[in-house]
Amino acid sequence: MTSFSFYRKLASFLLLIVGSHSVMAQTPPPAPDTDEPELVEFDTSKTRSIAVPALVAPAPADTPAGNSAALGRQIAEVISSDLRASGVFETQGPNGLRAIALPEVTAPQFDYWKGRTVEQLVQGFVRVGGDGNLTVGCYLYDVGFGNETTRLGFNVPPREWRRAAHKCADAIYAKLTGELPFFDSRIAYIAETGPKGKRVKRLAIMDSDGANHRFITNGQSTALTPRFSPNYKSILYLSYVDGNPRIYVYDIDAGRQRLITQSRNPTFAPRWSPDGQTILYSMAVAGNTDIYKISANGNGTPVKLTTSPSIDVGGSFSPDGRQIVFESDRSGSQQIYVMNADGSNQRRISFGSGRYATPEWSPRADLIAYTRIAGDFRVGTMRPDGSGERLLTDSWQDEAPTWAPNGRVIQFFRTAKGSGKTSIWQVDLTGSNERQLPTPVDGSDPAWGPVLP
């Protein structure tokens with residue numbers, strides 16, 4: 001995985017290319033105060049109009065990823081698609097918009113854009129350097145005020161042009177909403193094929209918009225419940241080999257996996273700690289299911305965290321690693337509980353109708369997502385103390401929520417009634433912006449990783 005080179009001192013370089021405006025290095029805003037409940041009411045009902053014409057290629061040149069002029073249009077398409085998919089923006093372009101000239105990159109024709117009734121404007125350029133890498137410049141303008149609000153640039157290998165587009169969209173989203181970014185991230189999920197009663201389940205990964213899809217396992221053994229490591233270098237997942245459950249960590253760059261733990265007892269729901277040093281999982285022994293944790297290197301003795309005569313299934317750590325949210329039927333039905341990371345102070349937080357499962361702590365620490373089972377399966381959120389419960393979806397079977405890195409969008413999988421076909425969907429915290437992600441085959445058990453470095 002190639003890291004970006006962020007041009008924090010772009011002034012002299014950009015001045016040579018596009019003009020004499022000052023350079024502003026984009027820094028995402030800090031996370032909002034999570035103690036304010038109204039922050040949960042993130043309003044996406046008032047969309048903002050934004051135009052994204054194709055990026056200019058000052059000296060079109062061929063690259064392994066295509067001609068830089070074509071890449072300028074493709075980058076604009078990804079930026080426009082990202083912003084539109086967030087539910088916060090109505091985007092125009094690049095299709096249907098006129099091509100802009102290089103001088104316009106830093107001197108937009110604001111009267112023209114006002115005539116198209118847009119509030120914001122994204123313009124930029126893509127240039128091939130002597131080393132073959134792409135330099136992508138990205139500018140955000142407020143059309144009404146007629147001024148520049150953000151300028152940033154990236155230097156990337158041609159094969160990573162999509163990342164430059166995602167980073168640009170992230171900066172725009174952060175600037176205009178005050179929220180943290182999430183577009184330049186990846187998703188692990190279980191790719192499903194075959195008939196309803198005999199599904200082949202493979203581990204797969206893709207970008208947050210479904211691009212750059214790749215199968216990781218071959219399907220000879222069933223793979224379940226993947227999770228990216230905090231540093232993105234590996235994926236934790238459960239696999240059944242010869243009928244026995246094993247927890248593996250797959251090294252993405254090396255293409256190898258290593259065994260963490262195996263047992264003849266049913267084992268499931270492995271999860272990383274926020275620092276990547278510990279793995280949480282559940283195991284059933286003699287009819288009783290408890291939650292355990294073990295070192296992520298697979299060494300040492302597992303530590304049992306629950307001892308209740310019930311079915312306790314681990315959910316996830318809080319972002320600071322001090323607490324764990326989990327599900328348990330110790331009260332007589334499946335409910336959500338929270339405990340300290342050492343297993344102490346176990347307490348129930350869900351008290352609504354129906355059963356609750358698959359709890360997942362938000363990266364912002366302000367909410368817990370879950371599956372509520374009351375006839376249908378629906379995805380919802382509540383605060384860590386159990387208050388503010390809210391259902392976000394309304395379909396036959398939606399389950400297994402996973403959070404976007406900024407804690408403002410939730411991904412889940414949906415099972416179609418009758419056919420058993422599965423697909424990956426996402427919804428924002430208002431419940432009003434629901435959409436399906438493209439996958440080459442059926443998909444389940446999504447896991448959203450952090451923003452890429």
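This is a short talk on some strands, one loop residue and a few salt bridges in a predicted model.

Okay, hi everyone. Keep in mind as we go that what you have on screen is a predicted model.

Let's start with sheets. As a reminder, strands of a sheet pair through backbone hydrogen bonds, and they can do that either parallel or antiparallel. We get both kinds here, so let's take the antiparallel kind to begin with.

Look for an open sheet of 4 strands, in the order 24-25-26-27, with antiparallel pairing. Which strands stand at the edges? Those are strand 24, residues 355–361, and strand 27, residues 390–391. Each of them has a single partner strand, so one side of each is left without a neighbour in the sheet.

Now move inward. Strand 25 covers residues 368–374 and strand 26 covers 376–382, and 7 bridges join the two, running antiparallel. If you want a spot to zoom in on, try Ala374, which stands opposite Asp376 in strand 26.

For the parallel kind, jump back along the chain to strand 2, residues 48–51. How many bridges join strand 2 to strand 5? There are 4, and strand 5, residues 89–92, runs parallel to strand 2. One pair to click on is Arg48 with its bridge partner Phe89 in strand 5. Strand 2 also pairs with strand 6, residues 120–128, again in parallel, through 2 bridges. There, Ile50 has Gln120 of strand 6 as its bridge partner.

Next up, a loop residue. Where is Ala65? You'll find Ala65 in the loop between strand 3 (62–63) and strand 4 (66–67). Ala65 counts as partly exposed, because its relative accessibility is 31%, and the partly exposed range goes from 20% to 50%. What I like here is the folding back of the numbering: Ala65 and Pro157 are 92 residues apart in sequence, yet their C-alpha atoms are 9.1 Å apart in space. And if you skip the neighbours within four places in sequence, Ala65 is in contact with Leu71, Pro158, Arg159 and Trp161.

Last topic: charges. Side chains of opposite charge can pair when their charged atoms come close. In this model the count comes to 21 salt bridges, and I've picked three.

Glu148 pairs with Arg151, with the closest N and O atoms 3.1 Å apart. Are these two buried or exposed? Glu148 is buried at 17% relative accessible area, and Arg151 is buried too, at 0%.

Then there's Glu192 with Lys201, at 3.9 Å from N to O. Here Glu192 counts as buried, at 5%, whereas Lys201 is partly exposed, at 23%.

My third pick takes us back to the antiparallel sheet: Arg378 and Asp394 meet in a salt bridge at 3.8 Å, N to O. This pair links distant parts of the chain, 16 residues apart, with Arg378 in strand 26 and Asp394 in the loop between strand 27 and strand 28 (398–403). Arg378 is partly exposed, with a relative accessible area of 22%, while Asp394 counts as exposed, at 61%.

One more thing before I sit down. Salt bridges can share partners, and here they join Glu192, Arg199, Lys201, Lys421 and Asp442 into one network. So have a look for those five on the screen. Thanks!

Note on methods. Residues are numbered from 1 along each chain as its sequence is written. This is a predicted model: local features need pLDDT of at least 70, side-chain atom pairs count only at pLDDT 80 or more; totals for chains, interfaces and linings use all residues. Side-chain values use heavy atoms; hydrogens and water are left out. Two strands pair if DSSP finds at least two bridges between them. Buried means under 20% relative accessible area, exposed over 50%, partly exposed in between (1.4 Å probe, protein chains only). Contact means heavy atoms within 4.5 Å. A salt bridge is a side-chain nitrogen of Lys or Arg within 4 Å of a carboxyl oxygen of Asp or Glu.
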